[in-house]
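Biologist: I should be grateful for a close look at the helix packing in this model. Please add an account of the internal spaces as well.

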Amino acid sequence: MTSQLVALCFDANDPLRLARFWAGVLGWEMADDPHDGITLLPSDDTGFRIRCLPSQEKKTGPNQMHFDLTSTSLEDQQQTVARSLELGARHIDIGQRPEEGHVVLADPEGNEFCVIGPGNKFLADCGFIGALASDGSQEVGYFWSEALGWPLVWDQDQETAIRSPHGGPKITWGGPPVAPKTGKNRLHFDLAPPAHGDQQAEVDRLISLGATRIDIGQGEVSQVVMADPDGNEFCVLTPR
């Protein structure tokens, strides 16, 4: 039995401000979070929540993954950019070229995201969140395909992508070279076994696929903190 992807978690210096930003951009509802953060509930087929969790750590360097937001037209793209800027985003330069047709922004805490232009065939049948675009190896793409039970929808030139059989965003990995990891990622996945599942059995299964248990100073908590084969942190929650 595979885990479900329950949430994408953002470490946030100001969880409420970050949650309000993404709620405004995505049109999702805010809800209380059991761990002093804020949860955003999807209004579409995304299939997972967004959690903004309190952290004292400041952002250093580019994130390992970011949202690619889709557009139905140039006007739609411009409206998404304008709405994002109004809510507190800013333009950033990561070396993108004008002819690439996407706009690169950062949210109020500096987390990068892209607003993709219309006509992108790779994201054609995805929702507004077209993809979680990640820096990562081919091996880690294979790991997450097995971990979540999501089929590979792209596997070429060491670039991989997976997608839930129920639809929603793709998760993509760009292949080598993978940037060296410095410190804890600001974004991580929360997984959970299904209601009738077993947390320890799922942890053992993920270890057999190449994950490791790690200590990030979490202390006595109900979730198990792990890292994927590229060293990216994720949590395995109790069954739900």
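Modeller: The description below takes the helix pairs and then the enclosed and open spaces. Please bear in mind throughout that the model is predicted.

I begin with helix α3, residues 138-148, and helix α4, residues 199-209, whose axes come within 10 Å and cross at roughly 155 degrees. An angle over 145 degrees counts as roughly antiparallel, and α3 and α4 are therefore roughly antiparallel to each other. Their crossing is right-handed. On the α3 side the contact is made by F143, E146 and A147, while α4 contributes E202, R205, L206 and L209. Sorted by class, the residues of this contact comprise four nonpolar and three charged, with no polar ones.

The other pair consists of helix α1, residues 15-26, and helix α2, residues 74-87. These pack at an angle of about 160 degrees, and their axes are 10 Å apart. That angle makes α1 roughly antiparallel to α2. Here, too, the crossing is right-handed. From α1, the residues in contact are F21, G24 and V25; from α2, they are R83, S84 and L87. This contact of α1 with α2 divides into three nonpolar, two polar and one charged residues.

I turn now to the enclosed spaces. The structure contains three cavities of 30 Å³ or more. The largest cavity holds about 80 Å³ of space. Its lining is formed by 13 residues, and Q64, M65, F189, D228 and N232 are the closest to its centre. Two strands, β13 (187-192) and β16 (233-236), each supply at least two residues of that lining. Of the elements involved, β13 gives the most, with three residues. In terms of class, the lining of the largest cavity has six nonpolar, five polar and two charged residues.

Among the open spaces, the second largest pocket may be described in a similar way. About 300 Å³ of space lies within this pocket. It is lined by 16 residues, and those nearest its centre are Q4, L5, G47, W150 and H166. Strand β1, residues 4-12, provides the largest share of the lining, namely three residues. The lining of the second largest pocket divides by class into seven nonpolar, eight polar and one charged.

To return to the helices, the α3 and α4 contact includes three charged residues and no polar ones, whereas the contact of α1 with α2 includes one charged and two polar residues.

Methods
Residues numbered from 1 in each chain as written. Predicted model: local features only at pLDDT ≥ 70, side-chain atom pairs only at ≥ 80, totals over all residues. Heavy atoms only, no water. Axes fitted to C-alpha atoms, helices over the stretch in contact; angles between N-to-C directions. Helix = DSSP H or I, 4+ residues; strand = E, 2+ residues; numbered from the N terminus. Parallel < 35°, antiparallel > 145°, perpendicular 65-115°, else oblique. Left-handed = near helix turned anticlockwise from the far one by under 90°. Contact = heavy atoms within 4.5 Å. Nonpolar A, V, L, I, M, F, W, Y, C, P; charged D, E, K, R; others polar. 1 Å grid on protein atoms, 1.4 Å probe; cavity = no way out; pocket = protein on both sides within 12 Å on 5 of 7 lines; lining within 4 Å. Points joined across faces, edges and corners; volume = space filled by probe spheres on them.
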